[in-house]
Amino acid sequence: MRKLKGAAELFRKAAASREDPCAFLEFVMREETNQERIVAAPHQRVILDFVMAHPRCVLRIPADHGKTYTLNALTLFLLGQNTSFRGALIGAEQNIPAKSLKVARDYIESSLELRLVYPHLLKSNRYGDPWTKTAITVDRPRGIKDPTLSAVGFGGSIQGSRVNWAVVDDFLNYENTSTHESRLKYLKWLNNSVFTRLLPGPDTRCVFSNTAWHPKDSGHVLTQMGWPTLVMDILGGIGIFNADDWDHLLLRPEAPGSVRCRLAGSDDGDPLWAQRYDHPDIQKLRDHVLPSEFNRVYMNLCRDDSTSPCKQEYIDTCKELGRGMTLVSSYDGDEPTYTGVDLAVSPGEENDDVSLFTFAIEKTGHRRILDIEAGQWPGPVIVEKIKQKHAAYGSIVTVENNGAQAFIRQFVLNDDVSVPVRAYTTGRSKAHPEHGVQGLFVQLSNGAWRIPCDRKGRVHPIV
């Protein structure tokens with residue numbers, strides 16, 4: 001009886017795996033190192049459901065979060081859905097998708113669970129049907145001349161005139177995104193050699209998956225063209241673009257009215273995949289890579305340094321000037337100090353942080369950052385913090401004086417008239433070449449700021 005129950009459970013899971021790629025991932029796929037069963041993480045479930053809901057979509061998932069393995073499961077799932085269909089795996093070089101094709105080939109040859117799910121998914125025994133590192137053909141009706149699945153790199157051609165689905169994974173890298181010409185070249189090839197090869201119809205799909213490389217790389221262009229896009233970061237933030245009508249039970253708004261999401265059941269500070277990367281692990285990553293690389297690889301944030309008004313070299317110069325320095329809790333030197341207060345209490349700023357930024361102007365003219373504090377606080381707390389900053393650093397305080405923000409300055413003066421609080425009204429002056437944001441970039445380029453960091457160049461997270 002126990003054996004019968006066990007067999008019935010296997011057949012039940014196999015049947016569910018034919019309908020649901022998440023069930024397929026858990027039933028068929030195995031850990032690469034120990035061959036244990038996989039338990040789909042919540043973010044993997046969201047990824048697969050998003051892909052199945054959007055025939056053409058973009059994924060930007062942080063590195064080492066199971067993206068490629070999840071797409072390998074999707075490849076096998078799609079192969080079994082209809083053996084007459086043809087698919088393509090696309091990468092920057094052919095050896096990249098060839099690795100995923102090898103996974104599919106190995107599972108078809110040896111997985112008992114896959115055989116239970118798709119008994120018909122077998123290697124073709126017909127003469128001339130390829131079963132190689134770059135193309136495989138499964139048992140299927142006669143008369144189909146092209147391979148079932150091909151691995152193609154940039155510059156190659158998809159065998160045959162049309163495919164039913166394509167998975168474009170790890171197509172972008174530093175070399176092909178570093179210049180406008182290379183970005184355009186790779187995007188044109190995608191359009192001419194992949195997208196135009198997709199058959200029309202409701203079963204046709206294309207997934208473009210890559211970490212961010214450049215604000216104008218192929219993935220970002222597809223998003224701008226309207227492709228539904230799912231973006232995740234290692235700290236648990238999730239963004240959904242061009243898919244306003246799509247929702248998921250495993251997602252919740254990051255804050256009331258926010259367009260960003262987090263996994264349901266997680267706290268605001270929980271990482272995306274805490275079982276693999278908890279906060280100490282994430283800090284180790286921060287310690288061993290440049291901030292710009294951490295942002296790109298794990299936060300899917302990228303910048304165009306060639307056109308940016310504030311270049312990475314400016315930041316690096318100012319960090320070098322602040323090497324070995326730290327933020328301080330008080331200051332009693334004889335150099336003038338200032339605290340700038342950026343408020344977030346006007347309508348539309350409910351989800352923004354209030355920031356208090358304190359610095360000293362040294363006799364050499366360098367600006368040394370002494371303290372930064374940010375958070376979401378009610379008015380009375382903001383008033384108290386302004387008073388504390390003046391007491392700790394002897395600073396002159398400058399507060400924005402825009403609309404609803406003016407009352408903060410008044411409250412400080414009513415509470416303690418001795419606190420030197422000055423009002424500053426932003427507006428057109430934000431773009432002033434000397435006193436506005438651009439002027440700050442000029443100061444950074446001239447090495448006028450000391451950004452505190454340790455001997456390895458690591459900064460406090462709030463910096």
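A good place to start is a single pair of residues: V397 has V421 as its bridge partner in β15. Keep in mind as you look around that this is a predicted model. V397 leads us to the strands themselves: β14, which covers residues 396-400, runs parallel to β15, and the two are joined over four bridges.

Stepping back, you can place this pair in an open sheet of six strands, ordered β15-β14-β11-β12-β13-β16, where the pairing is mixed. The sheet is bounded by β15 (421-424) and β16 (449-450), edge strands that each pair on one side only.

From the β16 edge, let's turn to helix α15. The buried residues of this helix are G439, F441 and L444, and they pack against both β16 and α12.

The helix pair deserves a closer look. Helix α12 spans residues 312-321 and helix α15 spans residues 437-445; their axes lie 8 Å apart and meet at an angle of about 60°. Angles of 65 to 115 degrees would count as roughly perpendicular and those under 35 degrees as roughly parallel, so α12 and α15 are oblique to each other. On the α12 side, the contact is made by Y314, I315 and C318, while α15 brings F441, L444 and S445. Sorted by class, this contact of α12 with α15 holds five nonpolar residues and one polar residue, with no charged ones. Notice that F441 and L444 appear in this contact and also among the buried residues of α15.

Finally, follow the chain just past the end of α15: there you will find G447, which takes a positive phi of about 70°.

Technical notes. Residues are numbered from 1 along each chain as its sequence is written. This is a predicted model: local features need pLDDT of at least 70, side-chain atom pairs count only at pLDDT 80 or more; totals for chains, interfaces and linings use all residues. Side-chain values use heavy atoms; hydrogens and water are left out. Two strands pair if DSSP finds at least two bridges between them. Axes are lines fitted to C-alpha atoms, for helices over the stretch in contact, and angles run from 0 to 180 degrees between N-to-C directions. Angles under 35 degrees count as roughly parallel, over 145 as roughly antiparallel, 65 to 115 as roughly perpendicular and the rest as oblique. Contact means heavy atoms within 4.5 Å. Ala, Val, Leu, Ile, Met, Phe, Trp, Tyr, Cys and Pro count as nonpolar, Asp, Glu, Lys and Arg as charged, and the others, Gly among them, as polar. Buried means under 20% relative accessible area, exposed over 50%, partly exposed in between (1.4 Å probe, protein chains only).
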